[in-house]
Amino acid sequence: MKIPNFADIRAAKARISSFVNSTPLLTNKTINELSGAEIHFKCENFQKVGAFKFRGACNSVFALDDQSASKGVATHSSGNHAQALALAAKMRGIPATIVMPNNSPQVKKDAVAGYGAEIVFCEPTLEARESTLDKVIAEKGHTFIHPYDNYNVICGQGTAAMEILEEAHDFDAVIAPVGGGGLLSGTAIATKCINPSIKVYAAEPEGADDAYRSFKAGEIIPSVKPNTICDGLLTSLGKLNFEIISKNVDEIFTANDDEIKSAMRLVWERMKIIIEPSSAVPLAVVLKNKELFAGQKIAIIISGGNVDLGKLVF
């Protein structure tokens, strides 16, 4: 199993820099006072398609050789990766097919279609998604771009941490949410290579804590019937992701949905920016463990801001 290294992430940054947004690091005096820490938020809610996912999808699409690219790309996703891959393919001028569950939110269907991708609908089960995708790839010859268990995706996601540490090297910790582990994997590699003394932490909902349990057990424990408002963090860890996380992440913390809602609302009210529930988990973890993070300078990656405004959690 080939593990990405810092040179790969640096190459990804050079490859995608003209396509992605270099997102800002924002701070808030009230949140710092409440937490007892100095928190810098890396705002990937301002990324194209509203989430960090565009970095990995963009790197994967533009890393393809011309012959492979001409045959197009495909994935199965009902979330941010679907939109990200559709837009990246559009930017390169190649076909994209997205397998989506037929119960996906209309706003997400519209977004994927708006970026020019072909949508193939399937039943809302993992088995149906995978079997439908297999048929698409067999028929069209597309390259499968996995949402997180993918070498080039991980390298692309790591560019967010590179940007953070280009602004300042003196952070005590970097915290990212974890679902499948693409963002966390890339963040861990980049951070530990730039400054090994910086702690890399993951934040996960209690109702979908398979990464926490896997990390403690030393083997992947699949996510079974996750129950959380964080719809972006429901997937099990990928194999490559787990390999990287096991070696480079210092600790995984959890927070419950009430704590996540409170953190999310705090960011909306005090920072005046829209973030999705998954993005609020790292702040919830800091507020829950104030004694651990007191006096530290912390970078938190806000993973995205794609919220259905008709179904707010608060």
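Phe314 comes out as partly exposed in this predicted model, since its relative accessibility is 34%. Its ring partner is Trp268, which counts as buried because its relative accessibility is 18%, and the cut-off for that label is under 20%. The two ring centres sit 5.3 Å apart with the planes at 90 degrees, so Trp268 and Phe314 make an edge-to-face pair. As for where they sit, Trp268 belongs to helix 12 (residues 257–271), while Phe314 falls in the segment after strand 10 (297–302), so the contact ties together parts that are 46 residues apart in sequence.

That pair is not alone: the structure holds five aromatic pairs. Another of them joins Phe253 and Phe293, with 5.9 Å between the ring centres and 65 degrees between the planes, so this one is edge-to-face too. An angle over 60 degrees is what earns that label. Here the partners come from strand 9 (residues 251–255), which carries Phe253, and helix 14 (residues 290–293), which carries Phe293, so parts 40 residues apart in sequence are tied together. Both Phe253 and Phe293 are buried. Tyr201 joins in as well, with ring pairs linking Tyr201, Phe253 and Phe293 into a cluster.

Rings also meet charge in this model. The ring of Phe171 has the charged end of Lys297 sitting over it, with 5.0 Å from that end to the ring centre.

Technical notes
Residues numbered from 1 in each chain as written. Predicted model: local features only at pLDDT ≥ 70, side-chain atom pairs only at ≥ 80, totals over all residues. Heavy atoms only, no water. Phe/Tyr/Trp six-rings, centres within 6.5 Å; stacked < 30°, edge-to-face > 60°. Helix = DSSP H or I, 4+ residues; strand = E, 2+ residues; numbered from the N terminus. Buried < 20%, exposed > 50% of the residue type's maximum accessible area, 1.4 Å probe, protein only. Lys NZ or Arg CZ within 6 Å of the ring centre and 35° of its normal.
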